[in-house]
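Work through the following exercises with the sequence and the model at hand. Each task is followed by a solution in steps.

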Amino acid sequence: MEHYRTRSVDHPQRQQQQQPRRPAPAPAAQPIGGVPAQGGGGRPRPAPARRLPRPRLTGLGGGLFACVAMTLAAGITWLLFGGSLFAYGLLFLPVAAATALWVRPADLITAPISAPIAFAAGVWPISGGSGGFGAELMGIVSALSLHAGWLYGGTLVSALIVVVRKAVLISRRRLPRRTG
C-alpha cells in the first residue's frame with residue numbers, strides 16, 4: 001500500500017507549535033498614585049477613576065430590594081417620627097428611583113410595577129390599624145388611599161426613569177446602524 005502525502009512543505013501552524021513558548025513578562029507593579037515603580041520607565045498610567053457601584057438587579061431582585069427598603073423605611077419612620085406617613089412618603093421617592101436605576105435593562109418594566117407593591121408592603125407597620133385582622137386591613141387601605149399622592153409620585157418617578165433608560169438603550173442600538 002502506498003501512502004500519499006498531501007503536503008509537501010511543513011504547515012506554518014506546525015512550525016509555531018514546535019517553537020518553545022516563552023512566558024509573558026509580568027507587568028510592573030505600580031503604586032496607587034499612578035507613579036511607576038523604580039526604573040519603570042515610560043509614562044505613568046493614571047489611577048483608575050472610582051465610580052459608584054452599578055448593581056444590576058433582576059425583576060424579582062428589584063422588587064425584593066424595594067420591599068425590604070420600604071419595610072426598613074417604615075421602621076425608621078416609626079422609631080424616629082412616630083409613624084409619620086409624610087416621612088414614609090418622602091423616603092419612598094428615592095427608593096422608587098433607586099429601584100428604577102438599578103434594575104437590569106432586560107427587566108426595566110418591573111420597576112414601576114414593584115414600586116407600588118413595595119409602598120403597600122412597607123406601609124403596614126405604620127398604618128395605624130389595631131385590634132385584629134379587619135382593623136389592620138382597614139388601616140392599610142386608609143393609609144394607601146389617604147397618601148395616594150406619594151404612591152403615584154414614586155411610581156411616576158420610577159416610570160420616568162425607566163422610559164429615559166429605555167430611550168437611551170434604543171438610541172445606542174440604532175446609533176451604529178446610522179453611521180455604518
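A salt bridge is a side-chain nitrogen of Lys or Arg within 4 Å of a carboxyl oxygen of Asp or Glu. The model used throughout is a predicted one.

**Exercise 1. The salt bridge**

Task: Find how many salt bridges the whole structure holds, and state whether aspartate 107 is buried or exposed.

Solution.
Step 1. Searching the whole structure gives 1 salt bridge.
Step 2. Arginine 104 is paired with aspartate 107, and their closest N and O atoms are 2.8 Å apart. Because the cut-off is 4 Å, a pair at this distance qualifies.
Step 3. Aspartate 107 sits in the loop between H3 and H4.
Step 4. Buried means under 20% relative accessible area. Aspartate 107 has 16%, so it counts as buried.
Step 5. Arginine 104 has a relative accessible area of 35%, so it is classed as partly exposed.
Step 6. Beyond residues up to four places away in sequence, aspartate 107 touches Leu57, Thr58 and Gly59.

**Exercise 2. The overall fold**

Task: Give the secondary structure of the protein and the order of its elements.

Solution.
Step 1. The protein has 6 helices and 0 strands.
Step 2. Read from the N terminus, the elements follow the order α-α-α-α-α-α.
Step 3. Of the contacts between residues at least 6 apart in sequence, 69% join residues at least 24 apart.
Step 4. The protein has 180 residues, of which 27% count as buried.
Step 5. Its accessible surface is about 13500 Å², and carbon and sulfur atoms account for 64% of that surface.

**Exercise 3. The nonpolar cores**

Task: Which residues of the largest nonpolar core touch the most other members, and which helices each supply at least two residues?

Solution.
Step 1. The largest nonpolar core has 18 residues, and those touching the most other members are Met70, Leu85, Tyr88, Phe92, Val123 and Ile126.
Step 2. At least two residues of this core come from each of H2, helix H3 (85-102), helix H4 (110-123) and helix H5 (133-146).
Step 3. Another core, of 8 residues, lies apart from it and includes Ala97, Leu108, Ala111 and Ile161.
Step 4. For phenylalanine 92, leave aside the neighbours within four places in sequence; the contacts are then Met70, Ala115, Pro116, Phe119, Trp150, Leu151, Gly154 and Thr155.
Step 5. As background, nonpolar side chains in soluble globular proteins tend to be buried together.

**Exercise 4. Two neighbours in helix H6**

Task: For serine 158, decide whether the residue is buried or exposed, then do so for alanine 159.

Solution.
Step 1. Serine 158 is placed in helix H6, and alanine 159 is also found in helix H6, which spans residues 148-179.
Step 2. The relative accessible area of serine 158 is 0%, so this serine is buried.
Step 3. Alanine 159 has a relative accessible area of 26%, so this alanine is partly exposed.
Step 4. A polar atom of the serine 158 side chain is 3.4 Å from the backbone oxygen of alanine 111.
Step 5. With neighbours within four places in sequence left aside, serine 158 contacts Ala96, Ala100, Ala111, Pro112 and Ala115.
Step 6. Along the chain, serine 158 and serine 114 are 44 residues apart, while their C-alpha atoms are separated by 9.5 Å.
Step 7. Alanine 159 and alanine 100 are 59 residues apart in sequence, with 7.6 Å from C-alpha to C-alpha.

**Exercise 5. A nonpolar surface patch**

Task: Which residues make the nonpolar surface patch of about 680 Å², and which helix gives the largest share?

Solution.
Step 1. The patch consists of Ile76, Trp78, Leu79, Leu80, Phe81 and Leu91.
Step 2. Helix H2 (residues 59-81) gives the largest share, with 5 residues.
Step 3. Leucine 79 is located in helix H2.
Step 4. Exposed means over 50% relative accessible area. Leucine 79 reaches 66%, so it is exposed.

Conventions:
Residues numbered from 1 in each chain as written. Predicted model: local features only at pLDDT ≥ 70, side-chain atom pairs only at ≥ 80, totals over all residues. Heavy atoms only, no water. Helix = DSSP H or I, 4+ residues; strand = E, 2+ residues; numbered from the N terminus. Buried < 20%, exposed > 50% of the residue type's maximum accessible area, 1.4 Å probe, protein only. Patch = residues over 30% accessible without salt bridge, like charges linked within 9 Å, V, L, I, M, F, W, Y side chains within 5 Å. Areas by Shrake-Rupley, 256 points an atom, 1.4 Å probe, with all protein chains shown as cover. Core = buried A, V, L, I, M, F, W, Y, C linked by side-chain atoms within 4.5 Å. Contact = heavy atoms within 4.5 Å. Polar contact = N/O pair within 3.5 Å; in protein donor to acceptor, adjacent residues only side chain to side chain.
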